[in-house]
Amino acid sequence: MKILILGSGGREYSIARAIKNEAEEHELFFQPGNGATNNLGTNINITDYNELATFAKENEIELTIVGPEAPLVDGVVNLFKANGLTIFGPSKEAAQLEGSKVYMKNFLAKYNIPTAKYIESDSIEDLFHFTNTLSTPIVVKADGLCGGKGVIIAQSHDEAKKAISEMLSGKSFGDAGKKVIVEEFLDGYELSMFAVCDGKDYILLPAAQDHKRIGDGDTGPNTGGMGAYAPTPLVDEELYQKVRDRVIRPTLEGMQKEGAPFEGVLFIGIMVVNGEPITLEFNVRFGDPECEILMPLMTSPVSDMFYKAATNRLNEIKVEFSNQYAVGVVMASANYPYSVSTPAEIILDDVKHEEIEKYTHISFAGVEMQDEKLYATGGRVLVCIGLGDSIKQARDRAYLRCGQVHFVGKKLRTDIAYQAL
């Protein structure tokens, strides 16, 4: 097939890499891609969605896969479908499950999907009043898209009220914070679950756990994610079934009733409290770096899963996974997540060790090619992935690969997967 992938991060690179490793040959295009995706296909620079749809038609693109959330919320799927193109991802209407946290929380309440107690409002008085009824810590969320940074976990009532005030005033997140959610803090352990959906049917992928904070031992500010592993041993079949019955099935049925059938990846942020799954959030695309560890665990063709989901035919296929574990360690630039870093040349050692060659790889994200040299230019630069028969073996291999990557100011956590180990 000819396949177009929208996005520029490690998530998109890892999807492309999995497709490239299939038995059948595919021709890949990226919009915009990054400095390393050119090794897997062709980068194109077309920012207007109408022009992009024209490109897809003229080049006989048979499948488009949307990586990040912004094009989905902007309605790229609606536009491509109106042009008779096959595209994987939710419609603009269905993407509101991520595009508006208020929409998402109200949807959960309407369809009796377990979630934390909350209030959503643009009234500072109502929000403050509800805040006073909660014990600390308290969760404060901006309504709109904030690049994964619109959630504050306040350790005191005063801190919560300051966060509310700064969101409502537009100081924190601009228009994304003009409506605010305050909710109770749930004490348990967090999971990332991903269901690939075609509007009616779905395939649940192995549960993952990621590490959001910048420093070892979960210290420092939240990031987009510093590493992840899958499958997590903290999930058994009983918990998977609870998520299927209480979250995924009612969500798909609810979205059909809302007139916005959900097609694409439903990311479910779960907090497990006393063995019960509580829904923290929905995203409408793969998490990053979770995607980088899930793709290499799939043994059936990835492109077929995306194509069948995009054409409402998931019931025709069986998606299969290896029995291995995958661990991904993010390498970030010097000033991440505080500020932009100076571009730094990336030096990759030649891999001479057979174990590293066979069981590890790199998914590139914030990189650019300049004069045939690769430079670290983004916050999260790349992910080193290790595979193994145990989480420890996969983790050890991932860190062996990390040792072969060099650039000025490189930053990484040394304790990825510590919860499982």
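Which residues are linked with Glu238 in a network of salt bridges? I looked this up at the start: the other members are Lys242, Arg246 and Glu276. I note for everything below that the model is predicted.

**Entry: salt bridges**

I ran the count over the structure and got 22 salt bridges. Side chains of opposite charge can pair when their charged atoms come close. I then went through several pairs one by one.

I took Glu69 and Arg285 to begin with. They form a salt bridge, with the closest N and O atoms 3.2 Å apart. Glu69 sits in helix H3 (residues 69–74), while Arg285 is in the loop between strand E17 (276–283) and helix H10 (290–294). The two residues are 216 residues apart, and the pair links distant parts of the chain. I checked burial for both: Glu69 is buried, and Arg285 is buried as well.

I turned next to Lys105 and Glu183. Their side chains meet in a salt bridge at 2.7 Å, N to O. Lys105 belongs to helix H6 (residues 101–110) and Glu183 to strand E9, so this salt bridge ties together parts that are 78 residues apart in sequence. Lys105 has a relative accessible area of 0% and is buried. Glu183, at 2% relative accessibility, counts as buried too.

Asp218 and Arg413 went into the notebook after that. The side chains of this pair meet in a salt bridge at 3.0 Å, N to O. Asp218 lies in the loop between strand E13 (213–215) and strand E14 (219–222), and Arg413 lies in the segment after strand E25 (405–406), so the pair ties together parts that are 195 residues apart in sequence. Is Asp218 buried, partly exposed or exposed? I found Asp218 partly exposed, with a relative accessible area of 29%. Arg413, in contrast, is buried, with a relative accessible area of 0%.

**Entry: Arg413**

I stayed with Arg413 and listed what surrounds it. The side chain of Arg413 reaches the backbone oxygen of Arg213 at 2.9 Å. Leaving aside neighbours within four places in sequence, the contacts of Arg413 include His211, Arg213, Ile214, Gly215, Asp216, Gly217 and Asp218. Met226, Val329, Tyr399 and Tyr418 are also in contact with Arg413.

**Entry: helix H6**

I came back to H6 for the helix that holds Lys105. Which residues of H6 are buried? I listed Lys101, Val102, Met104, Lys105, Phe107 and Leu108. After H6 comes Asn112, which has a positive phi, near 55 degrees.

**Entry: strand E7**

I looked at strand E7 (residues 138–142) and found it mostly covered, with five of its five residues buried. Ile138, Val140 and Ala142 point one way from E7, and Val139 and Lys141 point the other way. Residues on both sides are buried, Lys141 among them.

I then followed the pairing of E7. Four bridges join E7 to strand E8 (residues 151–154), and the two run antiparallel. In that pairing, Val140 stands opposite Ile152. Five bridges join E7 to strand E9 (residues 180–184), again antiparallel. Ala142 stands opposite Val180 there. E9 is also the strand that holds Glu183, the salt-bridge partner of Lys105.

**Entry: nonpolar cores**

In soluble globular proteins, nonpolar side chains tend to be buried together. I searched for such groups. The largest nonpolar core has 62 residues, and Phe286 and Phe306 have the most contacts inside it. A second, separate core has 49 residues, including Met193, Ala207, Met255 and Ile268.

I listed the contacts of Phe286, leaving aside neighbours within four places in sequence. They are Arg11, Ile15, Phe194, Val196, Leu205, Val265, Cys291, Met295 and Phe306.

**Entry: cysteines**

A disulfide is a covalent bond between the sulfur atoms of two cysteines. How many disulfides does a search of the whole structure find? I got zero. Why is Cys197 not bonded to Cys291? The sulfur of Cys291 is the closest cysteine sulfur to that of Cys197, but at 15 Å the distance is too far for a bond. I checked from the other end, and the closest cysteine sulfur to that of Cys291 is the one in Cys197, at 15 Å. Cys197 counts as buried at 0% relative accessibility. Cys291 is buried, also with a relative accessible area of 0%.

Terms used: Residues numbered from 1 in each chain as written. Predicted model: local features only at pLDDT ≥ 70, side-chain atom pairs only at ≥ 80, totals over all residues. Heavy atoms only, no water. Buried < 20%, exposed > 50% of the residue type's maximum accessible area, 1.4 Å probe, protein only. Pairing = 2+ DSSP bridges. Disulfide = S-S within 2.5 Å. Core = buried A, V, L, I, M, F, W, Y, C linked by side-chain atoms within 4.5 Å. Contact = heavy atoms within 4.5 Å. Salt bridge = Lys/Arg side-chain N within 4 Å of Asp/Glu carboxyl O. Polar contact = N/O pair within 3.5 Å; in protein donor to acceptor, adjacent residues only side chain to side chain.
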